[in-house]
Amino acid sequence: MESSAPSDPGQVLGLPSPVDPGVAARLVNAGRLCAVSASAIALVALSGWFSGVDALKGVGLGAEMVKVNAALGLLAAAVCLAALTISSSRARRVASVAGLLVLIDGAAHLGEYVLGLNLGIDQALAHDASSVVDPGRMAPNTAAALTLFGCAALLVRRRVGRVWPSNPLAVTVAAIGLVALFGHVMGDASLSSFGQATRMTVPTALACALLGVGLLLAQPTRGSVRLLSVTGPGGALARRLLPAAFTIPPVLGLLTRVGERLGLYGAQVGLMLMILLLVGTAATLVWVLARELEGKDVLRQITLARLRKSETRFRDTFENATVGMALQNPEGRVMLVNRALCEMLGYSERELVGMAFREFTHPDDVERDLRHMHLLLAGEIRTYRTEKRYRHSCGDVVWAILSVSMARDDDGEPLHFIAQMQDISARKRSEERFAYLAYHDELTDLPNRAMFQDHLEMALARAQRHDRALAVLYVDLDRFKIVNDSLGHAAGDAVLCEVATRLRRAVRAEDLVARHSGDEFLVLLADLERPGDRVPSPSWSGLPPAVSAAMRQLHQVLREPFVVGNQDFTLDASIGISIFPGDAESADALLQHADVAMSDGKRAAPGLSRLYTPESAGPGGELALRSRLRAAVEHQEFVLHYQPIVTLGPALEAARAGDFKLADHTVMVEALIRWEDPERGLVSPGDFIPLAEQSGLIEPIGEWVIEEVSRQSRRWKELGIDVMIAFNLSPRQMRQPNVMRRLTDKIRALGADPERLVVELTESVAVESPAHTQLQFREARAAGLRSAVDDFGAGYSSLGRLLEIHPDFIKIDRSLTCGIPTNAGAMAIVEGAIRISRGLGATPILEGIETEEQWRFAVAQGCSLGQGFHFGMPQPAEGLTPRLVGKSPQPLAGTPARLTLST
């Protein structure tokens, strides 16, 4: 049964069904056949009049003769009907002209009868036989039929609203012809004429019936005949019943009349037979109609079941959607909501249905929504999408991406809004958090250096404009490293948060406290009374009272005991102060001078507050170097040099064969930082790294090294140079939690491959906290990043702790290599270090190889890798790159299985 369902549900739901082109074409052809038949009747009658053959005047039916004017009118009507079945501009013009002629012909004869005139139309065309009653006039029903046909033909091309008047006119023309035919068959002259007027002849009646039917069939997609051409069950039923309805009654009447004339039965019996036949025919038609209606009802039930199933699917999709969905009427009231929207807004379905959208929309977003709704209702836009805020039932703000469209009916009238809402509150909170962290410290929630710099510049501009003063305080906690080393980093973070709280408590509400980095803080005292022209000096006299009060309060709150776990301790800080306008005129200079003063005080004695003096920043001193180093960090006055690390065994064999090429044996390079000081030239790391560690500048320097190494690794990979790059990680960086995770994330973000990089830690840092180091090395190894212990043998060697951290490489310090081959003790230590490295599962790297004897000794002891001036001096990447092009390294003998040197 399901396969017999209509393809168009509109057939069952009462919507207009599409027209079947094949049926429509057949109906048009039938209309043309009617036109041809009517024209044949007219032409035969005209040929009889002009040839003088009387038999042709009655079309050979032995009936009355067709009038000349009637024959001409019928011929013009047939031409008009034929033209109506053709879709072209020329055919339309022919149809209009012919229809107008038919209308004039019929109307003129009707005028004769109505006005009682004899215009002599027939006498003007041809002379009729004198035996015909009133030979000068066309039969009145013929004239009426032609007049109605002309009107209908002209109206076919004109639409009057949604009504087609040509259809009832065509039916009337066909009815006039059929009634006249029945009159002739039944012998009743009243059906084919009016009084003593001329009767409509049989050929004319037949032609009128054909013209009326043909006019209906000529436009099969319009009017009542459209039912015959549609594809639905109504069309099929009409095509089956209408022919029988038109043909059966005339046939029954004809048979009854013939039976009576032959004397087979009387009029009463004939009437009874006709009634019985009509009843049987009606019963048959009712039975056929009942079957069709039964089938139609079955189809309706099937379609309704499909619609119910479709509605169920829609309901399930609507209810189980992961995004909020709602239907709203054109006034903006909720008609239907799903579960996700209820959960998103905190209302029940009963509470939301009937609620106006503005009741749960943030007030600032209502006007924008109303504008979009008006545009949708007006049809100016089809949909709109925006981010907006809703109000949760508890009062919270809910951010969502809203998509709205308009559903309309078949006439284009709006039905309801379809709204989809995706909750993006978590994303918005993250964006707000990221924006917050751009100017705040994540740990303490204090403003960071960027915000402090902005506030300092604004305060400085105010002070210059209103002749005020301000002070910058640089606060550095003393001996804070002991807290981290003794209690752990978590305890250290808790102490820093407590310090931030106390610093904010120690200053005025309008003053600004910021975290600079690590255990360093900044304080801005703005809008101070200007004490007069102050000469920078260590004296506290002449300072604004707010500065002196802040200094005392800061030391006081920091000296209060801190309690972490079961430990209580006290801290203090070294504070440097720089005053505007006496000490500096710019924000950078104020910060720099405060830093210099703090360092000067810390060097003198921890826990002191020191005012800036020009002497503390004299040229050549440590403080001047610290100041220049800070400027170097800001201007990135650093450069990386790279020193090759080669495979010792294969390289030695190639050298003995006279075929040594650095590109063939370099598997790694070490990145070494240099400071390009504009005043002193290239500064080695030993001269500034300790100062950077002490001042906290090592962290931004280390970040720069990571970024530059990642970029260089990516550039070499693009050139086809397959080498790893080793770089050092400072102790301050290593002590940070999750340092390796952040490191590998940054490397990937810069487009580099972690497997091509090796992170180095000095031996002392590596064994300082073996559990932390082991955890970080494990995370690095999981991300593909290699690890190395640098300067092995130069410090204290805790082999037990070294065993816990499992590095990939152990670099034996150059201080031991320089004793080869003259110092037997050094040679024994190097030999032992190589064996220890292999025993720990790491690859040994001998540093500082400067002679061939040292090279051969390392190979003899089974050392895999080595570096030193003998293979190449450290040089910038642009100098080393040409020597590495064409590299095709060989696998290392004795390399642990977990080490892959070629990627």
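This is a short tour of a predicted model, stop by stop, with a suggestion of what to select at each one.

**The whole chain**

Start with everything shown as a cartoon. You are looking at 35 helices and 22 strands. Colour by accessibility next: of the 903 residues, 48% count as buried. If you turn on contacts, take those between residues at least 6 apart in sequence; 66% of them join residues at least 24 apart.

**The largest pocket**

Now select Arg515, Ser517, Gly518, Glu699 and Gln736. Among the 46 residues that line the largest pocket, these lie nearest its centre. The space inside the pocket comes to about 1700 Å³. Which classes of residue make up this lining? Colour by class and you should find 20 charged, 15 nonpolar and 11 polar residues.

**The largest cavity**

From the open pocket, go on to the enclosed spaces. The structure holds three cavities of 30 Å³ or more, and the largest cavity contains about 110 Å³ of space. To centre your view on the largest cavity, pick Gln328, Phe357, Tyr384, Leu402 and Val404, which lie nearest its centre out of 14 lining residues. Then bring up helix α15 (366-377) with strands β3 (383-391), β4 (397-408) and β5 (414-423): these are the elements that each give two or more residues to the lining. By class, the lining of the largest cavity has 10 nonpolar residues, two polar and two charged.

**Two cysteines**

Select Cys342 and then Cys497. Is each of them buried or exposed? Cys342 has a relative accessible area of 11%, and because that is under 20% it counts as buried. Cys497, at 28%, counts as partly exposed, because its value falls between 20% and 50%. While you have sulfur atoms on screen, you can look for disulfides; the count for this model is zero.

**Helix α4 and a partner from earlier in the chain**

Move to helix α4 (residues 68-84) and click on Ala82, which lies in this helix. Ala82 has a relative accessible area of 29%, so it is partly exposed. Next, add Arg32 to the selection and draw a C-alpha to C-alpha distance. The two residues are 50 apart in sequence, yet their C-alpha atoms are 5.6 Å apart in space.

**Around His665**

The next stop is helix α24 (residues 662-665), where you will find His665. With a relative accessible area of 7%, His665 is buried, because that value is under 20%. What does His665 touch, leaving aside residues up to four places away in sequence? Show Ile645, Val646, Thr647, Pro650, Ala651, Ala654 and Phe660 as sticks; these are its contacts.

**An aromatic cluster**

Keep Phe660 on screen, and add Trp855 and Phe871: ring pairs link these three residues into a cluster. The whole structure has six aromatic pairs. One of them joins Trp855 and Phe871, with ring centres 4.9 Å apart and planes at 80°, an edge-to-face arrangement. Trp855 sits in helix α34 (residues 852-860), while Phe871 is in the loop between β21 (865-866) and β22 (875-876), so the pair ties together parts that are 16 residues apart in sequence. Both Trp855 and Phe871 are buried.

For a last view, show His665 with the ring cluster: Phe660 is one of the residues that His665 touches, and Phe660 also belongs to the cluster with Trp855 and Phe871.

Methods:
Residues numbered from 1 in each chain as written. Predicted model: local features only at pLDDT ≥ 70, side-chain atom pairs only at ≥ 80, totals over all residues. Heavy atoms only, no water. 1 Å grid on protein atoms, 1.4 Å probe; cavity = no way out; pocket = protein on both sides within 12 Å on 5 of 7 lines; lining within 4 Å. Points joined across faces, edges and corners; volume = space filled by probe spheres on them. Nonpolar A, V, L, I, M, F, W, Y, C, P; charged D, E, K, R; others polar. Helix = DSSP H or I, 4+ residues; strand = E, 2+ residues; numbered from the N terminus. Disulfide = S-S within 2.5 Å. Buried < 20%, exposed > 50% of the residue type's maximum accessible area, 1.4 Å probe, protein only. Contact = heavy atoms within 4.5 Å. Phe/Tyr/Trp six-rings, centres within 6.5 Å; stacked < 30°, edge-to-face > 60°.
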